[in-house]
Amino acid sequence: MSQAPNPPILLTPGPLTTSSRTRQAMLRDWGSWDGDFNEITTRLRQRLLDIANAAETHECVPMQGSGTFSVEAAVGTVVPRDGHVLVPSNGAYCQRLARICRTLGRKVTTIDYTEDQQVSPSDVDRALAADPSITHVALVHCETGAGVLNPLHEIAVVAAKHGRGLIVDAMSSFGALPIDAARTPFDAVVAASGKCLEGVPGMGFVIIRRSVLETCEGNSHSLALDLYDQWAYMRKTTQWRFTPPTHVVAALDEAVTQYLDEGGLPARGARYTRNCEALIEGLAAIGVRSFLSPDIQAPIIVTFHAPAHPNYEFKRFYAEVKKRGYILYPGKLTQVETFRVGCIGHFGEAGIPGAVAAIAETLEAMGIATAKASAGATAEV
Ligand SMILES: *Cc1c(COP(=O)(O)O)cnc(C)c1O
C-alpha cells in the first residue's frame, strides 16, 4: 500500500478538502461589530457578485447556516405566500426543494424525471404555458444526487419568455460552472461556502435581482431566514443581523482570494473537469462503471455502479478506502446500488489517481475479482 494521505482526502461534495491557507484564516477571532470584520463581509459579497457577473443587477445576501438554510430563505423571501412554484425534479435535491415549498405553504407542482435524466426545457415551456398560476420555476443546476447537470441557461430563457421568476439552487456548481447574470436571467441563485469555492461549511449566500429583492418585504414566513431583512440591515449597518459565522466568513474570503489567484471560474471548472475525466477513466479501467451518460454528467460528483459481486458491501468498501486515505460518499439512488466520488476540493493532481489506486486495492482486498478481470471489456466506457 502506498503512503495514505493523513488526514484523509475528502472526495465528498461538501464539506470538502480545503487548503491550509483557508484553514489558517480561521486561527483568530473577530468581533461581529468590528470594522475589520465588516470590511471582509463587504469585500466577500462584492466578489461573489462578480463571480456571477451580477454586480450591476443583483445583490449578494449572505445567510448563516448550511446551504439548505439559504435555499429555504430564498424560497421564503422571493416567492409570495400565494405564489406557485414549478420544480422540475430529477433527484434528491430537487425533492428537497419541493419539500421546502410545501413546508413553507407555497403551492408546488413538479415535473418528475428519473435520476439518470436531464430536465428538459421544452417540458418546462409546456408546463408554464399550460398553467398561468405558476409564478416561479425553482431549478437545481447540478443535481448532486446522481451528478446530473441541468440546462440552466435554456430553462432561464423559457422562464423569462413566460414572465415567471427563476430560483436556482446552484449549490454544487457555483464558481465552477458558468452562471452569467448578464446572459442568463434569474431572480435568485443560491450557493454556499463549503462547495466549489472550497471554503469551510457554515454559511450560504443568495444572489438576488435588486428589483425583485426591493419588493420582497414581508414575504418571509420566518424572522431568521428573511433575506430582505438581512439585506436591509446589512445595507444600513454593514453588519450581519444576528451573530455571523465569523471564522467561516474569514475562511471563505481567503478561499476566494485563492480562487481568483488560480484563474477564477475557467481554471476551477477545468481542474474539476480533469478530475472527473481521470476518475471515470481510471475506474472504468478496473471495471467500475459510471451511472450517467457522459453528455449529462456534471464535473462535480460521479455516481458509480457498485460492483455486482456477492462480496461487495458499501460499509466495508468505505472503511477499506478510508484506510487508504480517501473518504467516499454513499450513493443516493433508490433503485440501484451505487457509490459516489466527488471531483471537487483542494487536493493536488495526484488526488484522483491516488483514489483510483485505493479503490482498486480495496476491491482486490475484498476478493472482488471482477475488477481486474473485466477491465478490458469495459475500458471503452
Ligand atoms: C450541498 C447541496 C445543498 C445544501 O445541502 P446542505 O447539507 O444544507 O449544505 C443543496 N443543494 C444542492 C444541489 C447541494 O449539492
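Is F339 buried or exposed? In this predicted model, F339 has a relative accessibility of 0% and therefore counts as buried. This report starts from that residue and moves outward to the strands, rings and helix around it.

**The strand that holds F339**

F339 belongs to strand β14, which spans residues 338-342. Five of the five residues of β14 are buried. The two faces of the strand are both covered: T338, R340 and G342 are buried on one side, and F339 and V341 are buried on the other.

β14 is part of an open sheet of three strands, ordered β11-β14-β13 and paired in the antiparallel sense. β11 and β13 are the edge strands, each pairing on one side only. Strands of a sheet pair through backbone hydrogen bonds, either parallel or antiparallel.

Between β11 and β14 there are five bridges, and these two strands run antiparallel. Within this pairing, T338 is the bridge partner of H305, and R340 is the bridge partner of T303. On the β13 side, two bridges join β13 to β14, again antiparallel. There, P330 stands opposite F339.

**Aromatic rings**

The model has seven aromatic pairs. Two of them are set out below, followed by two cases in which an arginine lies over a tryptophan ring.

| Rings or residues | Distance | Arrangement |
|---|---|---|
| W30 and F37 | 6.5 Å centre to centre | tilted, 45° between the planes |
| F304 and F339 | 5.7 Å between centres | stacked, planes at 25° |
| R28 and W30 | 3.7 Å from the ring centre | R28 over the face of W30 |
| R235 and W231 | 4.1 Å from the ring centre | R235 over the face of W231 |

Planes under 30 degrees apart count as stacked, and the rings of F304 and F339 have their planes at 25°, so this pair is stacked. The pair links distant parts of the chain, since F304 is in strand β11 (residues 301-305) and F339 is in strand β14, 35 residues apart. F304 also has 0% relative accessibility, so F304 counts as buried.

F304 and F339 are members of a cluster in which ring pairs also link Y312 and F317. In the other tabulated pair, W30 and F37 are both buried. W30 has a further partner, as R28 lies over the face of its ring.

**Helix α11**

F317, a member of the ring cluster, is in helix α11, which covers residues 314-323. Which residues of α11 are buried? They are F314, F317, E320 and V321. These residues cover an arc of only 135° around the axis, which puts them on the same side of α11. An α-helix has 3.6 residues a turn, so residues three or four places apart point the same way. On the other side of α11, K315 and K323 are exposed.

What covers the buried residues of α11? The cover includes β12 (326-327), β13 (329-330), β14 (338-342) and α12 (351-365). β14 thus appears in two settings: it lies between β11 and β13 in the sheet order, and it is among the elements covering α11. After α11 comes G325, with a positive phi near 105°.

**The annotated domain**

The UniProt record, an unreviewed entry, places the feature "domain: Aminotransferase class V" at residues 33-311. In the model, the end C-alpha atoms of this span lie 57 Å apart. The span is 41% helix and 18% strand.

Methods
Residues numbered from 1 in each chain as written. Predicted model: local features only at pLDDT ≥ 70, side-chain atom pairs only at ≥ 80, totals over all residues. Heavy atoms only, no water. UniProt positions renumbered as here; feature names shortened; annotations may be inferred. Helix = DSSP H or I, 4+ residues; strand = E, 2+ residues; numbered from the N terminus. Buried < 20%, exposed > 50% of the residue type's maximum accessible area, 1.4 Å probe, protein only. Arc of directions from axis to C-beta. Contact = heavy atoms within 4.5 Å. Phe/Tyr/Trp six-rings, centres within 6.5 Å; stacked < 30°, edge-to-face > 60°. Lys NZ or Arg CZ within 6 Å of the ring centre and 35° of its normal. Pairing = 2+ DSSP bridges.
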